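Please look through the model below before you read on. These are my notes on it, point by point.

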Amino acid sequence: AAAAGIVDFASNRHASVNDSYAWGSGTKPLTGASILKLVSEGAFGLESPIAPLVDPILLNMSRQDPTQSFKSLGDLWGQSNIIDITVGQMLNMTSGIPDFDTAKGHGSTMSDSLRSELFSHPHKAFTPVELMSLPWVAQNFQPCIDTAPYWHKCYSSTNFVILGLLLAKRTEWREFAQSAFLPPSLRHKLRF
């Protein structure tokens, strides 16, 4: 194991092999590759609608957690909005599902409550339900306009939260080991 760099400039503390770091978007390539692996195995296709694949998972999660306020993607963003969204659109960021990671402020303040929470509680793991329930995500579907001059205006980390649920379909999401999709030499070196 190795560590390098300064992790706290105020105290000049150097990195340690025991430090933890948020994966953030670093998991997207693993999730995408894992989804494509399942596509190549015939589990579903890139043109398969995402709702019928994920809605049973969300329904099951809602039965286990009575505080969850939705049972389907349609409950979150309207059935007419999500009915034609495909696995491929989720992967290439053209679904229109809002990004939990773009809080620009809400209400009368321009604060980013997600960032405040992340920095206040760096070891807290947000559940998919918490991320999809954020006020700027739930009920805020906007069709994707992925044509010039609006290229890449549809980026959404929420897409990959939903794809992660699809990966975990055969097990409870908290127990899903994404490291199983890594090369064998890395499986015990990375934690998710």
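1. Start with the order of the elements. From the N terminus, the protein runs β-β-α-α-α-α-α-α-α-α. That comes to 2 strands and 8 helices. Keep in mind that this is a predicted model.

2. Check confidence next. The mean pLDDT of the protein is 79, and 77% of its residues reach 70 or more. Among the elements, helix 5 has the highest confidence, at 93. Helix 6 has the lowest, at a mean of 73. One stretch needs care. Over residues 105-110, pLDDT stays under 50. The model has 6 contacts beyond four places in sequence for that stretch. Where pLDDT is low, the predicted coordinates should not be read in detail.

3. Now the overall numbers. The protein has 192 residues, and 36% of them count as buried. It exposes about 11,700 Å², with carbon and sulfur atoms supplying 56% of that area. Take the contacts between residues at least 6 apart in sequence: 64% of them join residues at least 24 apart.

4. What makes up the core? The largest nonpolar core holds 38 residues. Ile50, Leu73, Trp77, Val87, Ile162, Leu163 and Leu166 touch the most other members. Six helices each give two or more residues to this core: helix 1 (28-40), helix 2 (50-64), helix 3 (73-77), helix 5 (87-91), helix 7 (128-132) and helix 8 (157-167). The general background is simple. In soluble globular proteins, nonpolar side chains tend to be buried together.

5. Which residues of helix 8 are buried? They are Ser157, Thr158, Asn159, Phe160, Val161, Ile162, Leu163, Leu165, Leu166 and Leu167. That is 10 of the 11 residues of helix 8, so this helix is largely enclosed by the rest of the structure. The cover over these buried residues includes helix 1, helix 2, helix 3, helix 5 and helix 7. Leu163 gives a close-up. Leaving out residues up to four places away in sequence, Leu163 touches Thr31, Ile35, Ile50, Val87, Met90 and Leu91.

6. Ser95 deserves a look. Ser95 sits in the loop between helix 5 and helix 6. Is Ser95 buried or exposed? Ser95 counts as buried because its relative accessibility is 4%, and the cut-off for buried is under 20%. The side chain of Ser95 has two contacts to note. One is a polar contact of 2.7 Å with the side chain of Asn159. The other reaches the backbone nitrogen of Ile97 at 3.0 Å. Beyond four places in sequence, Ser95 is in contact with Ile85, Gln89, Met90, Phe141, Cys144 and Asn159.

7. Two residues stand out for their backbone angles. Most residues other than glycine have a negative phi, and most peptide bonds are trans. Met93 is not a glycine, yet it has a positive phi of about 60°. Gln139 is not a glycine either, and its phi is positive at about 65°. Met93 lies in the loop between helix 5 and helix 6 (113-120). Gln139 lies in the loop between helix 7 and helix 8. Their surroundings contrast. Met93 is buried, at a relative accessible area of 12%, whereas Gln139 is exposed, at 55%.

8. Look at Ser48 too. Ser48 is in the loop between helix 1 and helix 2. The side chain of Ser48 reaches the backbone nitrogen of Gly45 at 2.8 Å. Setting aside neighbours within four places in sequence, Ser48 is in contact with Leu53, Ile85, Thr86 and Val87. Ser48 and Ile85 are 37 residues apart in sequence, but their C-alpha atoms are 8.3 Å apart in space.

9. Asp84 offers another pair of this kind. Asp84 is in the loop between helix 4 (79-82) and helix 5. The C-alpha atoms of Asp84 and Ala51 are separated by 8.4 Å, with their positions 33 residues apart along the chain. Asp84 counts as exposed, at 63% relative accessibility.

10. Last, Ser62. Ser62 is found in helix 2. With a relative accessibility of 9%, Ser62 counts as buried. Leaving out residues up to four places away in sequence, Ser62 touches Gln68, Phe70 and Lys71.

Conventions
Residues numbered from 1 in each chain as written. Predicted model: local features only at pLDDT ≥ 70, side-chain atom pairs only at ≥ 80, totals over all residues. Heavy atoms only, no water. Core = buried A, V, L, I, M, F, W, Y, C linked by side-chain atoms within 4.5 Å. Buried < 20%, exposed > 50% of the residue type's maximum accessible area, 1.4 Å probe, protein only. Helix = DSSP H or I, 4+ residues; strand = E, 2+ residues; numbered from the N terminus. Contact = heavy atoms within 4.5 Å. Areas by Shrake-Rupley, 256 points an atom, 1.4 Å probe, with all protein chains shown as cover. pLDDT = per-residue confidence, 0-100. Polar contact = N/O pair within 3.5 Å; in protein donor to acceptor, adjacent residues only side chain to side chain.
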